[in-house]
Each structure stands twice: as C-alpha cells, then as structure tokens.
Amino acid sequence: MEQSPAPFSEIGRRARELLTKDYNYDQKFTFSIPSSSGVGITATGVKKDQIFIGDISTQYKLGSTVVDIKVDTYSNVSTKVTLVDVFRSTKVSLGFNIPDHKSGKLDVQYLHQHAAINSSIGLNPSPLLELSAAIGSKDLALGGEIGFNTASSSFTKCNAGISFNKPDFSAALMLTDRGQAVKASYVHSVDPANGTEVGAEMIHRLSTYENSFSIGSAHKVDPLTSLKTRFSDNGKVAMLCQREWRPKSLITFSAEYDTKAKNSVPKLGLALALKP
C-alpha cells in the first residue's frame, strides 16, 4: 500500500542510513549471484584483525513463498520461511537456527491503509514477545514498540516515536532506551540532482542529562561515485568513498579518526561487492 505508514522500525531510518550505512572498518567481500529462476546465492567474508568469518546464503522464491538459508564458518545454519499474503495484507515468517533448538521465532506483519503492525514471539518455553505498531500515512506516522521477556518478567523494549517525511526532508522524534533517552534526527536534501544531503542526530539522556550528537553529509561526485562524511561530538571524524566500477558492483573505502585520543591510529576499511 503506497500511502500506508512504514513499520515502526522505519522511523528515523533516513538519518540512520546517512550517518551509518556502508561505513566499515574491516576488510569485507560480498559476491552475489541473482537468478531469474527464483534462486539467488550470496557469499560474504569479513576479516577483522587476524580473524576471518564468512557465510553463504541462498534465497529461493516460489510464488508467494520465500525461503532463506544461511551457513556460516562455525557451521551454524539459519533458516527463514516467509509466506506473503497468507491472509490479505499479511506476511508470516518462521525462522530457526541449527543447532540452537530454542531459537525458533514466529513473525507476523500486517499492513493497513492507515496502520502497520509487527509482532514476534519466540518458539520456546520462555519466549521473548515483541509488538510494534505505527499509524498515520506515508508522510506522517506515529508509533511505538514493546518487548517482554517472559523468563525474567521484564520489559526489554518500550519506545515510541513520530516521523514526518517529504521527498526533500525527513524529521523524527523518538523516546528510546525504555524511556531513558530522547532522540531527534533531521535530514534535508540540498541538491537532489547531485544527491547532496545533510543531516543530524541528537540524543539527550534523561537520567544523566548527557547530550550527544552526530552530523553528516552525502554527495555524488558523478553518477558512479559517492562521498559521505560524519562528525560526532566525541571527536570522531569519518569519511566514505564509494565507486560503482561496474553495474551493481561497488567498492567502498571508509576511514575514521579519533581527534581526542592520544596517539590515535586511523581506522581504515575496504568493502568489495560483486554482482554479475
């Protein structure tokens, strides 16, 4: 539904993506093989210091059913089966990990013209229950989420937020960390033709009265090259350069430097994503 509100998890997403998406300070390689027959395969490898971890995932689509299977370097197998429109405007997902027999989880998403509801329940004797909802429209949405751990009889989530979105800007105000922090974010499209955007995010912690903020920008040097920058109040400065060297294949260089730390060494990262 084009005019229905996005799920609660989407509130503030535009600012999060501007400030964090594609920043990587390790060596990462991704190789994807799409297929018109409904089967796609993706291999991912990440080197962190002297440790290498990776996984191979495959996705199979048949009608309204999607099956995702991923195997990592530790022989863990995660599986997710998704049924789309099992009921009208409803999507149901069942996920589990092997060998963890307590990892089963059932997710249900319902989209209405003026509401988006997501629920999740763990399939074990002491499940984790989660529920989120957003009401409004594509431009203006108000929502909240709660999570309850039945094993400890405690709330793991209790957040709320409101967002206002237009093609040239996006603003969001959220109550996060179980009501302990207020987060405000704003993104403005300065020059849509060149993909130039600026944004900021500020967090105020109600219990300690501490404030933190980050500001960032994005700009397209040419149709194939993008630059991003970020500065935070803790003194960390980051930049990113991404180049599409062939269709749908990207190479990304990231760097971060802590200006307040003594003898600080810049963090450098390189990511290569290949898609034939």
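## Pockets and strand pairing in a predicted model

In β12, residue S170 is the bridge partner of N165. The model in which this pairing appears is a predicted one. The pair belongs to two strands, β11 (154-166) and β12 (169-176), which are antiparallel and joined over 7 bridges. Between β11 and β12 lie 2 residues, and the two strands form a hairpin.

On its other pairing, β11 meets β10, which covers residues 140-149; these strands also run antiparallel, with 10 bridges between them. One position in this pairing is I146, which stands opposite C158 in β11. β10 and β11 likewise form a hairpin, here with 4 residues between the strands. Within that turn, S153 has a positive phi of about 55 degrees. In a regular strand, side chains alternate between the two faces of the sheet.

N165 also has a place in the description of the largest pocket, whose volume is about 480 Å³. Its lining consists of 25 residues, and those closest to the pocket centre are A6, E10, R13, K138 and N165. Which elements each supply at least two residues of this lining? They include α1 (13-20), together with β11 and β12. The largest share comes from β12, with 4 residues. By class, the lining of the largest pocket comprises 11 nonpolar, 6 polar and 8 charged residues.

The second largest pocket holds about 380 Å³ of space. It is lined by 19 residues, of which D22, A218, S226, K228 and Q242 are the closest to its centre. At least two lining residues come from each of α1, β15 (211-222), β16 (225-232) and β17 (236-246). Of these elements, β17 gives the most, with 4 residues. The lining of the second largest pocket divides into 6 nonpolar, 4 polar and 9 charged residues.

The helix α1 thus supplies at least two residues to the lining of the largest pocket and at least two to that of the second largest pocket. The class composition of the two linings is set out below.

| Pocket | Nonpolar | Polar | Charged |
|---|---|---|---|
| Largest pocket | 11 residues | 6 residues | 8 residues |
| Second largest pocket | 6 residues | 4 residues | 9 residues |

Taken by element, β11 pairs with β10 and with β12, and β11 also supplies at least two residues of the lining of the largest pocket. N165, the bridge partner of S170, is among the residues closest to the centre of that pocket.

How values were computed. Residues are numbered from 1 along each chain as its sequence is written. This is a predicted model: local features need pLDDT of at least 70, side-chain atom pairs count only at pLDDT 80 or more; totals for chains, interfaces and linings use all residues. Side-chain values use heavy atoms; hydrogens and water are left out. On a 1 Å grid over the protein atoms alone, a cavity is a set of points where a 1.4 Å probe fits but cannot get out, and a pocket is an open set with protein on both sides within 12 Å along at least five of seven lines; lining residues have an atom within 4 Å of a point. Grid points are joined across faces, edges and corners, and a volume is the space filled by probe spheres set on the points. Ala, Val, Leu, Ile, Met, Phe, Trp, Tyr, Cys and Pro count as nonpolar, Asp, Glu, Lys and Arg as charged, and the others, Gly among them, as polar. Two strands pair if DSSP finds at least two bridges between them.
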